[in-house]
Amino acid sequence: VLGFALQYRIGQLYMISKHSHEQSDRGEGVEVVQNEPYEDPNHGNGQLTEKRVYLNSKLPSWARAVVPKIFYVTEKAWNYYPYTITEYTCSFLPKFSIHIETKYEDNKGSNDSIFDKEAKDLEREVCFIDIASDEIPERYYKESEDPKYFKSQKTGRGQLKEGWRETHQPIMCSYKLVTVKFEVWGLQTRVEQFVHKVVRDILLIGHRQAFAWVDEWYDMTMDEVREFERATQEATNKKIGIFPPAISISNISMPSSTRSAPSSAPSTPLSTDAPDFLTVPKDRPRKKSAPETLTLPDPSK
């Protein structure tokens, strides 16, 4: 079990770095601001990563109408594998945030109470994601990344046919508790439901890729995937036209007394109100549903 947990962690790090690089282009993409060891008094040793995601052209038309041409989303992640905390905030919308807690267990998704303590006061909707059977938007489909047809040459894993979760070994599940907040009257429900759909699609596509790229990362050690991560991050920053100071990834742990991961730690200002043009008249009916379609980065570009 420990061996497979390490495999998953390496595959996840490899997938995130390669996927971010593929999705980035001049002026848009994922800029890595910091990536360093981090120690928490409760969770122990981990890794803190901060990124800026520039994606204006990827927004749906209704969102582009009120968003400046240049803005970014900040992602801060505290990875204490097998437990992680991820926070998203927006440079343009101080009342917008996404909080994701993740736990990994070696089962097929059978632990229904894994987040009962954290979410006992929250209204929840449980959503199962099957990397083999769930459909993705046609424009993101690649047969080489389809778990139903892919078979690993190095591990023999695949092809994932119907009912694969009952028969395939090894197997583990990534459990995520996603909380979305957008405190702007009249737009709250529409935006929150849309973001939940986007998060689901990103998780589905990313884990399909991690599985389909297994022969690329399977023989890597943790040190090797960290070096791949560092080199890919530098190349990605240059690809989108941002040249920050060189990124350093160190194995030196940070003292626990200097930093600890808060339950909510947005890195964008929260002291200002939303722009005037986002204010919605009070007599305007509140939207009850999210958009039917999503606009995500096009992997083919």
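1. A good place to start is Glu87, which stands opposite His99 in strand S5. Please keep in mind, as you look around, that this is a predicted model. The pair belongs to an antiparallel arrangement in which seven bridges join strand S4, residues 83-90, to S5. Elsewhere along S4, Thr84 has Thr102 in S5 as its bridge partner. If you trace the chain from S4 into S5, you pass through a hairpin with five residues making the connection.

2. Next, follow S5 to its other partner. How many bridges pair S5 with strand S6? There are ten, and S5 and S6, the latter covering residues 173-182, pair in the antiparallel sense. Within this pairing, Ile100 stands opposite Val178 in S6. S5 therefore has S4 as one partner, with seven bridges, and S6 as another, with ten bridges. S5 itself spans residues 96-105, and seven of its ten residues are buried, so the strand is largely enclosed by the rest of the structure.

3. Now step back to S4 and look the other way, towards strand S3, residues 73-80. S3 and S4 run antiparallel and are joined by eight bridges. Two contacts of this kind are easy to find on screen: Trp78 stands opposite Ile85 in S4, and Asn79 has Thr84 in S4 as its bridge partner. The link between S3 and S4 is a hairpin with two residues between the strands. You have met Thr84 already, as the bridge partner of Thr102 in S5. S4 is mostly covered too, with seven of its eight residues buried.

4. S3 deserves a slower look. Is S3 mostly covered or mostly open? It is mostly covered, with eight of its eight residues buried. In a regular strand, side chains alternate between the two faces of the sheet. With that in mind, you can check each face of S3 in turn: Val73, Glu75, Ala77 and Asn79 are buried on one side, and Thr74, Lys76, Trp78 and Tyr80 are buried on the other. Both faces of the strand are thus covered.

5. S3 also has a partner in strand S2, which covers residues 44-54. S2 and S3 run antiparallel, and seven bridges join them. Here Gln47 stands opposite Asn79 in S3. Asn79 is therefore a handy landmark: it faces Gln47 in the pairing with S2, and its bridge partner in S4 is Thr84.

6. Turning to charged side chains, the count comes to nine salt bridges. Side chains of opposite charge can pair when their charged atoms come close. One of the nine links Glu145 with Lys142, whose closest N and O atoms are 4.0 Å apart. Which of these two residues is buried, and which is partly exposed? Glu145 is buried, with a relative accessible area of 8%, whereas Lys142 is partly exposed at 30%.

7. Helix H6, residues 222-239, is another place to look for salt bridges. Glu229 and Arg226 meet there at 2.8 Å, N to O. They lie three residues apart, about one turn of the helix, and both of them are buried.

8. Also in H6, Arg230 and Glu234 lie four residues apart, again about one turn of the helix. Their side chains meet in a salt bridge of 3.1 Å, N to O. Arg230 counts as partly exposed, at 23% relative accessibility, and Glu234 counts as partly exposed as well, at 26%. This pair is part of something wider: Glu227, Arg230 and Glu234 are linked in a network of salt bridges.

9. Finally, a word about confidence. The mean pLDDT of the chain is 75, and 70% of its residues reach 70 or more. Where is confidence highest, and where is it lowest? It is highest in helix H5, residues 214-217, at 94, and lowest in helix H2, residues 61-64, at a mean of 63. Over residues 243-297, the pLDDT is below 50. That stretch still has 114 contacts in the model beyond near neighbours in sequence. Where pLDDT is low, the predicted coordinates should not be read in detail.

Methods
Residues numbered from 1 in each chain as written. Predicted model: local features only at pLDDT ≥ 70, side-chain atom pairs only at ≥ 80, totals over all residues. Heavy atoms only, no water. Buried < 20%, exposed > 50% of the residue type's maximum accessible area, 1.4 Å probe, protein only. Pairing = 2+ DSSP bridges. pLDDT = per-residue confidence, 0-100. Contact = heavy atoms within 4.5 Å.
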